[in-house]
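Subject: Structure handover

Hi,

Here is the structure I promised to pass on. Please open it alongside this email, and my notes follow below.

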Amino acid sequence: MNTKHISLEKIKISDPFWNDVQELVRREVIPYQYEALHDRVDGAEKSYCIENFIKAGKVAAAIRNGEEVPVYPADKWQYTDDNCDKNAFHGWVFQDSDAYKWLEAVGYSLINHPDSELERKAKEVVSIICAAQLENGYLDTLYIINNRDEIFTNLRDFHELYCFGHLVEGAVSFYHGTGDRRLLDAACRFADLICDTFGEGKIRGYGGHEIAELALVKLYEETGEKRYLDTAAFFVNERGRRPYYFDVERGANSAGEAHHYNQAHRPVRQQSEAVGHAVRGVYLYSGMADVARHTNDNELYKSCLNIWENIENRKLYITGGIGATVDGEAFSFDYDLPNDLAYSETCAAIGLIFFARRMAEFAPLSNFGNVAERALYNTVLAGMSEDGKSFFYVNPLEVNPLASHCDSRKRHVKPVRQKWFACACCPPNLARLISSVGEYAFGESDSTFFVHQYIGAEVKSRVGKIKIQSDYAANGDVTITADSAVNLALRIPDWCGSYTVSAPHTVRDGYAYIEGATEVSVHFENAAKLVKCSNRVRANIGKAAVTKGPFVYCAESVDNGENLQMLVLDSNTKFAQDGEFLIADGWHETPQNSLYSDFSPADKTPCKIKLHPYYRWGNRGENEMQVYLRIME
């Protein structure tokens, strides 16, 4: 059964938990990122993003006027004051995408909450971007500023198609939020150029960093222009075929299964394991699922399902994070989920939620919503501070600040959030997802309204007007009312030991299906509990994590003292609630100064162990943090 998410214009969020999060993004994160993109945040790494568009606009104007334009090298991933001319492109090759993601978040935010001043600022940014577009539709500031002759000559590394993808997503959102078509028209012109450039009998290439695939499908859904869908399908189907295109553009000949990093090591229908750069991977898999749904390609969907099952059952952190290794920001081998070396990029968790929604649209199975929920309430929310002005790129499950400062293997793990990043993909990604969270909560078929995430809202569905009153995050209570009898499908979360539904229902694929209801109340028991890993996960033998409802909890040294590795919980421990905290009886081992000694049980002192929701860690200064605790059976 195919379903479709419900557009944001038809959703009004009214939720005691998510309203606060969205307001934080609207009031703090979006304005802060606007200043960061303009390089006006003291102490933050420079973005150069808006500066590049202004430079590119001047180049585009000079070209139109027939003036000679200088050429600079386009041969690096990052361009700084130290390695390039002051008039050349600056920043990372994908710097344009930060502005597009910011505009996407703005579009969603304006749908939720009109704001004339924010709209004015955003339209100024749109004007700057549109002025940079070349007459043939091309729009990428690196090549416009530095060297027009090298356009589309390094698809593997230099992110033109990636930036295009974010342009499309930003343009569609901004049009829906403002009615201003300028950015959407610019995106269509660039898309037309791409369709004319790539395909059968043309360049048989595809992007090194995927996202153009899902973006072209979104543009097809927005405009009805079928060649956008056809080009998305071409990019998906061409990927990984031999000769490898990334070799063709270099005159190389890779032996064996090359190009795992870009998920281009074999044709996508032959892929069954999530490999390579985790963000690129889930963006590709999202595009594959989109193409499969629109073309009724069951073989392609099966590949998506195999990859999904590999992620969910062998490569997923309990926090919903993916990408276990800093080497290539990548998926590691099966069951390799180190806590203190975890990469678990914020963008990867966001991309996993994109993938989950698209899989649910092809076939509504509850495990898609379960995983999306885990990522949403834990890794995604952990990615920004409580004041919305600092961010995590990496989301580990264990932190020793001393190791982060002294051990080069762990320098990617930050004990405090950063103001900004030169590679700033994560902060605007957070803003756009949180501002559009309603589109990931609900779906509809011709006859049924689906609740994938229990977020309080008023929704105008094709089956009727529906109100969801939710205290799900706090105590698992949800009430759903409709203005007329409707069919409902309610996801049963996998953390729930027992639940009650006030109406007759049948359970299928993890959803409770209810026919002809006008009001339904649901209670999901969300008692705190211990959760263990497979014993194939070497890092967590003899350990367990504490969860309550959708939230994972952690210990911080600000509450429990140093050396969190010495904390021990009883397997039968009972948890007490104290505001945001869980309190449990446990022990703290006595530190041993002798490096080696004859074995004897360690001395332990009874203590109260205080646990905090994982998404809130690191907001009280630099300190140790640990998700998995040792268990005494």
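Contact, as used below, means heavy atoms within 4.5 Å. Keep in mind that this is a predicted model.

**Thr-319**

By that cut-off, Thr-319 touches Arg-374, Ala-375, Asn-378, Thr-379, Leu-397, Val-552 and Tyr-614, leaving out residues up to four places away in sequence. Thr-319 sits in the loop between α12 (298-314) and α13. Is Thr-319 buried or exposed? Its relative accessibility is 0%, so Thr-319 counts as buried.

**The core**

The largest nonpolar core has 217 residues. Which of them touch the most other members? They are Trp-102, Phe-152, Ile-311, Phe-442, Phe-449 and Val-627. Helix α13 (residues 346-362) is the top contributor to this core, giving twelve residues.

Take Phe-442 from that group. Neighbours within four places in sequence are set aside here. Phe-442 then contacts His-5, Ile-6 and Ile-11. It also contacts Phe-449, Phe-450, Val-451, His-452, Gln-453, Ile-455, Ala-457, Val-459 and Ile-468.

**The cavities**

Next, the empty space. A search of the whole structure turns up two cavities of 30 Å³ or more.

The largest cavity holds about 110 Å³ of space. It is lined by 17 residues, and those closest to its centre are Ala-356, Arg-357, Ala-360, Tyr-440 and His-452. Four elements give two or more residues to this lining: β1 (4-5), α13, α14 (366-382) and β6 (442-444). Helix α13 gives the most, with five residues. By class, the lining of the largest cavity has eight nonpolar, six polar and three charged residues.

The second largest cavity holds about 40 Å³. What lines it? The residues are Ile-353, Ala-372, Glu-373, Leu-376, Val-437, Tyr-440 and Gln-453. Here the largest share comes from α14, with three residues. The lining of the second largest cavity divides into five nonpolar residues, one polar and one charged.

Two residues from these lists also turn up elsewhere. His-452 is among the residues closest to the centre of the largest cavity, and His-452 is in contact with Phe-442. Gln-453 helps line the second largest cavity, and Gln-453 contacts Phe-442 too.

**Helix α8**

Helix α8 (residues 212-223) has twelve residues. From its first C-alpha to its last it reaches 16 Å, close to the 16 Å expected at 1.5 Å a residue. Its buried residues are Ala-212, Glu-213, Leu-214, Ala-215, Leu-216, Val-217, Lys-218 and Leu-219. Note that Glu-213 and Lys-218 are on that list. The cover over the buried residues of α8 includes α3 (96-112), α6 (160-178), α7 (182-197), α9 (226-238), α11 (278-295) and α13. After α8 comes Gly-224, with a positive phi near 80 degrees.

**Leu-530**

Last stop. Leu-530 lies in strand β14 (residues 529-531). How exposed is Leu-530, and what is its relative accessible area? The area is 26%, so Leu-530 is partly exposed; buried would need a value under 20%. Without its neighbours within four places in sequence, Leu-530 contacts Ala-544, Ala-545, Val-546, Leu-569, Asp-570, Ser-571, Phe-575 and Ile-631. Of these, Leu-569 is 39 residues from Leu-530 in sequence. In space the two are 9.7 Å apart, C-alpha to C-alpha.

Best wishes

Key:
Residues are numbered from 1 along each chain as its sequence is written. This is a predicted model: local features need pLDDT of at least 70, side-chain atom pairs count only at pLDDT 80 or more; totals for chains, interfaces and linings use all residues. Side-chain values use heavy atoms; hydrogens and water are left out. A nonpolar core is a set of buried Ala, Val, Leu, Ile, Met, Phe, Trp, Tyr and Cys residues joined through side-chain atoms within 4.5 Å. Buried means under 20% relative accessible area, exposed over 50%, partly exposed in between (1.4 Å probe, protein chains only). On a 1 Å grid over the protein atoms alone, a cavity is a set of points where a 1.4 Å probe fits but cannot get out, and a pocket is an open set with protein on both sides within 12 Å along at least five of seven lines; lining residues have an atom within 4 Å of a point. Grid points are joined across faces, edges and corners, and a volume is the space filled by probe spheres set on the points. Ala, Val, Leu, Ile, Met, Phe, Trp, Tyr, Cys and Pro count as nonpolar, Asp, Glu, Lys and Arg as charged, and the others, Gly among them, as polar. The expected span of a helix is 1.5 Å times one less than its number of residues.
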